[in-house]
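Work through the exercises below with the sequence and the coordinates at hand. Each task is followed by a solution in steps.

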Amino acid sequence: MATMESLIDLVNRIQRACTALGDYGGGGADLPTLWEALPSVAVVGGQSSGKSSVLESIVGKDFLPRGSGIVTRRPLVLQLHRIPGRGTEYAEFLHLPKRRFTDFSAVRKEIQDETDRITGKSRMISPIPIQLSIYSSNVVNLTLIDLPGLTKVAVEGQPESVVTDIEDMVRAYVEKPNSIILAISPANQDIATSDAIKLAREVDPSGERTFGVLTKLDLMDRGTNALDVIEGRSYRLQHPWVGIVNRSQADINKNTDMISARRKEREYFTSSPDYGHLSSKMGSEYLAKLLSGHLEKVIKAQIPNITSLINKTVDELESEMIQIGRPISIDAGAQLYTILGLCRAFDRIFKEHLDGGRAGGDKIYGVFDNQLPAALRKLPFDRYLSLQNVRRVISESDGYQPHLIAPEQGIRRLIEGSLRYFRGPAEASVDAVHIVLKELVRKSIIETQELKRFPTFQSEITAAAYEALERFRDDGRKTIIQLVEMEASYLTVDFFRRLPMEMEKNGTGDAPSSSQRVDRYSSEGHFRKLGSNVSSYIKMVSETLRLSIPKAVVHCQVLQAKQSLLERFYTQLGRREGNQLLNLLDEDPALMERRIQCAKRLELYKNARDEIDSVSWAR
Ligand code: GDP
Ligand code: MG
């Protein structure tokens, strides 16, 4: 049967697991935290307000370090476990799991040493908690967190920042909504100046999770009392204020033990003319019971939330683990299998881009549909086939003897000269498609989630794909240059056979006399006619190339990229020795770390879920 006691125990166990696995609020970078969701009692107050004294009084043991300056420099998570019977009391630290402390002055020493282990002798503070469990028949089940005292000035040897560092650390604890704030203020000081109340008011304005504790009632000036505070008139909280009388420094010096200190405290209240009427609700024993009961209530209310948080987080962590992937096997066959799997994953995404499942492949069509035709249209044939240039090229080819019937040689030269212009747009198409393909490779690499794990392999496969694309581009270039050259190598005969006839039609109709002929052939009209004939031939060629260049580019570059982008890479992979494969698969260290962290956190959450499940719920 589950009792309320086992609830606090449950949270205690989860809390210990959290600390052991590095989950203590603000500790692990962007990992989900369970710690934050666990209810706990945080003790806050100014230096020397009596925090340590209250804690010791609740435990009924002397075990906390004392001294001047900032003694508590790491949070101390103090878990009190009530054990039945009169067995010996003992303490255990989470960081020393095999050691049972029965001597509480050794506990004090260990707290000091363990504080220094993390903070060094530098007197710095650290948010990493020390976890201490105390087992006793004299305690109530309760978890308290002792925090460094709020301070106003840094003392010698401490950096200025210590004041704000402490405040930030304390605030991080008390601002989580599950935190119960034990706000300690000394009675011999104006409550309006209390650091504890100031911070509590800031993070819990309604006062519903703040317990006000007034220490040092015995040190108030004779004739004054703290009833205004204790009865809630000075500063109102949802829970009643509790007055405390701890051991004075003189008591401590005299080694007054905790049992007689508690008795003295009880006597103080029962015999007090000021607080006598409240005596059953004053003192550290009452405070301990009050807190224990409240903590149980909060935990009980919180368990459903904690459970759903755990379930949600387990799901999240599990899917992240799947995404991160399993650690690399040391077996070469398994490595090759992994590598081929990565290649396939990349190849699939790349093909989806080309075939249109993903964006980007359409840019290739854009090259053929816009870029190439526009570039062809812009070629400067008007200038090259201007009257002046046609006349010049033809006259030069004629030499000393002007041509008689048709200037075959000149026409050939004009055509060859024109065809040279096509190389530019043709090569530009090859390059444009190359750039598109390269961009698709780059995108596909990024989109291949599996590759993220392996930066080395990622850059190798990228390099291999780029290298293949370069080869395809070279092929593409050669092919389109051939296409252009083919157009120059053999002119379409029919086209020119029609030429003289058309010229005749434009002439006088009579058989030309020789003088007329010379005149006609040298006339402007003649050259204009030749120019326009060459121009229409070039237009025809241009149309042919507009259609054939895309075919060549797709054949040499796009299809190759689709079919054999990684072919050579595969061959090279086959030649690698086992060790080289492993080198290929060296993981991003950050990712390896992340896998470990996620696994640890997942274990924590699953254990916590088991813990919660194992408690049978008695309501
Ligand atoms: P902390 O710095 O908040 O942990 O304060 P401590 O618990 O170390 O107390 C500081 C000093 O005040 C010690 O010398 C205590 O003996 C003394 N002190 C704390 N509470 C009381 C109290 O209720 N009455 C008297 N007389 N002295 C107290
Ligand atoms: Mg202290």
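**Exercise 1. State which residue ranges make up each domain and how far apart the domain centres lie.**

Step 1. Domain 1 of the protein chain comprises 4-218 + 229-321 + 602-613, and domain 2 comprises 332-586; such bounds come from an automatic or database domain assignment.

Step 2. Between the C-alpha centres of domain 1 and domain 2 the distance is 78 Å.

Step 3. The conventions are as follows. This is a predicted model, in which local features need pLDDT of at least 70, side-chain atom pairs count only at pLDDT 80 or more, and totals for chains, interfaces and linings use all residues. Residues are numbered from 1 along each chain as its sequence is written, chains are lettered from A and ligands numbered from 1 in the order in which they are written, and side-chain values use heavy atoms, with hydrogens and water left out.

**Exercise 2. Classify the ring pair of Phe-381 and Phe-422 and explain the class.**

Step 1. Rings of Phe, Tyr and Trp (its six-membered ring) pair if their centres lie within 6.5 Å; planes under 30 degrees apart count as stacked, over 60 as edge-to-face and the rest as tilted. The structure holds 10 aromatic pairs.

Step 2. Phe-381 and Phe-422 have ring centres 5.5 Å apart and planes at 50°, so this pair is tilted.

Step 3. Phe-381 belongs to helix 12 (residues 381-384), while Phe-422 is in the loop between helix 14 (408-419) and helix 15 (423-447); the pair thus links distant parts of the chain, 41 residues apart. Helices (H or I, at least four residues) and strands (E, at least two) are DSSP runs, numbered from the N terminus.

**Exercise 3. Describe the pair of Tyr-384 and Tyr-421, and decide whether the four residues of the aromatic cluster are buried or partly exposed.**

Step 1. The Tyr-384 and Tyr-421 pair is edge-to-face, with 5.7 Å centre to centre and 65° between the planes.

Step 2. Because Tyr-384 lies in helix 12 and Tyr-421 in the loop between helix 14 and helix 15, the pair ties together parts 37 residues apart in sequence.

Step 3. Buried means under 20% relative accessible area, exposed over 50%, and partly exposed in between (1.4 Å probe, protein chains only). Phe-381 is buried because its relative accessibility is 14%, and Phe-422 is buried at 1%. Tyr-384 is buried at 14%, whereas Tyr-421, at 28%, is partly exposed.

Step 4. Phe-381, Tyr-384, Tyr-421 and Phe-422 form one aromatic cluster.

**Exercise 4. Which residues come nearest to ligand 1, and how much of the ligand's accessible area does the protein cover?**

Step 1. Ligand 1 has 18 residues around it, of which Ser-48, Ser-53, Asp-218, Asn-246 and Gln-249 come nearest; a residue is near if one of its heavy atoms lies within 4 Å.

Step 2. For polar contacts (pairs of N or O atoms within 3.5 Å; within protein, one must be able to donate a hydrogen and the other to accept it, and residues adjacent in sequence count only if both atoms are side-chain atoms), take the oxygen atoms of ligand 1. A polar side-chain atom of Ser-53 is 2.5 Å from one such oxygen atom. An N or O atom in the side chain of Gln-249 is 2.3 Å from an oxygen atom of ligand 1, and a polar backbone atom of Lys-216 is 2.9 Å from an oxygen atom of ligand 1.

Step 3. On its own, ligand 1 has 570 Å² of accessible area, and the protein covers 87% of that area. Accessible areas come from the Shrake-Rupley method with a 1.4 Å probe; for residues, only the protein chains shown count as cover.
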